[in-house]
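Visitor: I am new to the study of protein models, and I should be grateful for a close look at a single part of this one. Would you please take me through the part you choose, and then through what surrounds it?

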Amino acid sequence: MVQVTLSGSLKTAVGGQSEFEVEAANIHQLLSRLGQDHPRLKPMLERGVAVSIDGQIYRDDWFRPIPPGSEVFILPRMAGG
Amino acid sequence: MMPQVRVSTTINGDKVDYLCEPDETLLDVLRNRLGLTGSKEGCGTGDCGACSVMLDGRVVCSCLVLGAEADGRKVGTVEGIANGDKLHPLQDKFIEFAALQCGVCTPGFIVAAKALLDRNPDPTETEIRFGLAGNLCRCTGYDKIVRAVQAAAAEMRKG
Amino acid sequence: MPLDSRLDPATYKFKVVGTRPSRPDGLDKVTGRAKFGADANAPGMLVGKILRSPHPHARIRRINTAKAAKLPGVKAIVTAEDFREGDPSLRDVLHNVMARGRALYDGHAVAAAAATTSSIARKALQLIEVDYEILPHVTDVDAAMKPGAPILHSDMITANVDPAPKKASNIAARHEFGHGDPEVGFKAADLVIERSFKTEATHQGYIEPHACLASVGSDGQGELWVCTQGHFMVRNACAELLGMDVSKLRVTASEIGGGFGGKTTVFIEPIALALSRKAGKPVKLVMTREEVFRASGPTSSSSITVKIGVKKDGRITGAHADIRFQGGAFAGSPVSLGAMSAFACYDLDHVKAVGYDVVTNRPKQAAYRAPGAPMVAFAVESVLDELAKKIGMDPIELRLKNAAKEGTRSSYGPKYNRVGLSQCLEAARKHPHYKAPLGPNQGRGIAAGFWFNFGGQTCVSLNINVDGTVVLAVGTPDIGGSRASMCLIAAEELGIGYDNVRAVVADTSSLGYNDISEGSRVTFSTGLATIEAARDAIGKLCARAAKIWDIPADAVVWENGHAKPSGPNAGNFEPLSLAEIARTAAKTGGPIAGHHEVNADGAGVSFAVHMTDAEVDRETGRVQIKRYTVIQDAGKAIHPSYVEGQFQGGAVQGIGWALNEEYIYGKDGRLQNPGFLDYRIPVASDLPMIDTVIVEVPNPGHPYGVRGVGETSIVPPLAAIANAVSAAAGVRLTELPMSPPQVLKAMDAESGAKGRH
């Protein structure tokens, strides 16, 4: 089970709730299951998000494993210049 | 179409003849007709110095000089600064002092800095900064450029 | 890839990493041999030129190209019809490349022509007839948010608002980050300050305008030479917009004359390709400087309100930021990054940052070095400066008391790994600059800054030549000196000399996909891939030695550039150098190479502290920067000279942004200063030397501890300078740029009835 926190803006698609428990072993499973459970969240997840696992930010890394007990955040898609 | 102008000039010591439009800039002639792409167009309005060349011993923005105006005169570009395979001290020091990053402003700086040192072999930091105020650089913040010019000046004074 | 435990930075002695050799592209750049975007030519080449809307907002009723097409010498004309509406994620890029139905800003491309000479191409543009219906326009971010403002997109419903608005507006999205409740925090404070700030749009200011040479054959195969930060991105985007297979387009990255984020997208490249395809000839398209300002991607202008509460002892109890960015005519300003980074330097229980992404009739913004962060840091660090003064606390002390550390919950959510902010603050406090005396009308300002730094898709190919030299093919354009750093890294891993490694930026047909050179990712990602590719090659070299010695492969180790038996039991063989193994490669199994393909992760955030002394001329309002010091955490500096170069370059862009640079729009909605004369970037005579201190707190996510450095350096300067100028002028400046008339106005308002003398 993964404890995941949605960053501010993503919360609005799920009625303001920010913390969820999801059965997932990697980022892909996490995003797929969240999308399944919350259809309004699905398009935002598909457009692109970044996922932080224990402070490390991953962009587009489906099979990055999520170790049990890690702190997981879903953040908007980010890029620099 | 207006008839083209016939120009006879000396570029980096070599005699060069070319035809150009009356309204064509020297920069366009160098880059598009003569293959000397070392001089760069950063603005086309004489504000950035990336097109700096020597014209009869004076630094000018070649984007503000007509190709026709070079007739009978001596032009010096960045391609003529090194002596065969021997770099000018400015070129050596720019590399050594990391005075370039993207390098697009570098040809203009080399030409302008050489003109500065030819005129004033022992410039103060302020004189270097004002002497090069006509050359824009966006990558380096000018710090290492000034240091490179100081080092080149010192080396040239020795030799 | 984690920090290599063998390489404890306190004790490990790198052989070449950390030294300052000459950069491999230096010779070409000082002699004028280096080839940039506009330096390529092709036989039969045509010149392309773009017709641009002179109106900030207009419906395009009709475009008539008939007269232009008849002009002798004109070989092709394109409009929006020549591009494909395909991938929805590229829709805004496509509509920005060429206006479709409506021109949305002064400079928006509406048509283009290719002709045998540039004067014929210019004449052709004059002959294209465009029937415009002028519409009302809006260019200010706050004005665009007001009800009754002209609406740019009739389908723009503000995202992330629940319930969704019923009417279209110019607000593309709302973003919110933070935790706790700032109101609770403010109630617990001894002092609360709330201030509003404004910054104007600025341009990355790269000296090289966008330029490309496109050549498409009748078989649909295309070649593109272009100055870009991401040639694989250019290939993919252009293939999509032109309806080509990705494999049919080969893009070569030229040397790039500056990017800073402004060359991370496409503007003219699809147009050049479309013209070339129609004409059946190569087309060279180069932006003029005026076009660069009007129609490439400046950064957002902003309007920001910040409220921070502190206790008398300096602890911040609550923080709130309301951030409004306009990103030009399309959604996507970096306001969410601004909101995420706003309070990232501090350890806060109650923090909230809200951002609004607003559209206006201005060019579509593009990334500019730490997009979104500098403006917000200006606001936050100015308020902290004021708070420090009011409670009588040293500004560095205030920041140290609240500094984010390992384990701190960031204002954007995740907890930090090992980070170096406190070390930068301590280094600032100890620096001689901090205690140097100040003269009359001088003030000192300090500010902290943060940037995320990113990883991304990266691959390299490391090939060993018969003479033992190595060629490293990378896919990330070199925008900061990365080729030198990659050679250092490969040389370090292989145990050979720096001069024996040559790094080249491969074209899109010669290497696998690489993400754009952005996000301060190259030294980190391409460096990491290089380390892995070198280790891959080392494995193969050891296997060859094992075969030559007829011992098991795992009985061979690599040390100081040589394969050696791992111990006396393995056998008594003389070590074989890389060159020796390479010489017989043909006979021992063929060419030897190492590869690595990865989606690099583990990039470490970086913090910086800037310190500056400014002097104000009370007669003219002119500000002179007298002294400037950059202190930034680089994790591990691979080539210190180029790390310093990034620190200095970012600081000076910040100086320009703070003091002089701004996009000036007239009431007519047109850009008034699209040139380097009136868009005034710093020149050498404006500046002092920029001192630098490289702090190294290793990033646990990289084998050598590398952190990106390119972007963090532009985050603190706006605030540091505003704090210095405010101290010197005796009045708080809250709008950028602090140009002489603005400083004078502020000082006059402050002295009020007293008058100036």
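**The largest cavity and the contacts of chain C**

Guide: The helix α19(C) gives four residues to the lining of the largest cavity, the largest share of that lining. The model is a predicted one, and the cavity is a good place from which to read it. Rolling a probe the size of a water molecule over the atoms shows where empty space is left. In this model the search gives seven cavities of 30 Å³ or more, and the largest has a volume of about 500 Å³. Its lining consists of 35 residues, and those closest to its centre are Ile479(C), Gly480(C), Thr523(C), Gln646(C) and Gly710(C). Two or more lining residues come from each of α15 (482–494), α16 (522–549) and α19 (640–659) of chain C. Thr523(C) falls within the range of α16(C), and Gln646(C) within that of α19(C). In chemical class, the lining divides into 17 polar, 12 nonpolar and six charged residues.

The second largest cavity, with a volume of about 120 Å³, leads us towards chain A. Fifteen residues line this second cavity, and nearest its centre lie Gly55(A) and Gln56(A), together with Asn417(C), Gly604(C) and Val605(C). Its lining has seven nonpolar, five polar and three charged residues.

Let us now turn to the contact between chain A and chain C. The size of an interface is often given as the accessible area lost when the parts come together. For chain A and chain C that area is about 2,200 Å², with 51% of it given by carbon and sulfur atoms. On the side of chain A, Gln56(A), Arg59(A) and Gly81(A) supply 25% of the area buried against chain C, more than any other three residues. Gln56(A) therefore appears twice in this account, as it is also among the residues nearest the centre of the second largest cavity, whose lining residues have an atom within 4 Å of a point of the cavity. The contact draws 24 residues from chain A and 36 residues from chain C. Nine residue pairs are in polar contact between these chains. The elements of chain A that give two or more residues to this side are α1 (8–11), β4 (56–59) and β5 (72–76), and β4(A) gives the most, with four residues. That side of chain A is made up of eight nonpolar, nine polar and seven charged residues. Four salt bridges cross the interface; in one of them Arg64(A) pairs with Asp601(C), the closest N and O atoms being 2.6 Å apart.

Chain C also touches chain B, through 50 residues of chain C and 40 residues of chain B. Here the chains bury about 3,800 Å² between them, 58% of it on carbon and sulfur atoms. This interface has four salt bridges, including one in which the side chains of Arg138(B) and Glu661(C) meet at 2.8 Å, N to O. There are also 23 residue pairs in polar contact. On the side of chain B, the helices α2 (89–96), α3 (106–119), α4 (125–131) and α5 (143–158) each supply at least two residues. The largest share, five residues, comes from α5(B). By class, this side of chain B has 19 nonpolar, 10 polar and 11 charged residues.

Terms used: Residues numbered from 1 in each chain as written. Chains lettered and ligands numbered in written order. Predicted model: local features only at pLDDT ≥ 70, side-chain atom pairs only at ≥ 80, totals over all residues. Heavy atoms only, no water. 1 Å grid on protein atoms, 1.4 Å probe; cavity = no way out; pocket = protein on both sides within 12 Å on 5 of 7 lines; lining within 4 Å. Points joined across faces, edges and corners; volume = space filled by probe spheres on them. Nonpolar A, V, L, I, M, F, W, Y, C, P; charged D, E, K, R; others polar. Contact = heavy atoms within 4.5 Å. Buried area = accessible area lost by both parts, 1.4 Å probe. Polar contact = N/O pair within 3.5 Å; in protein donor to acceptor, adjacent residues only side chain to side chain.
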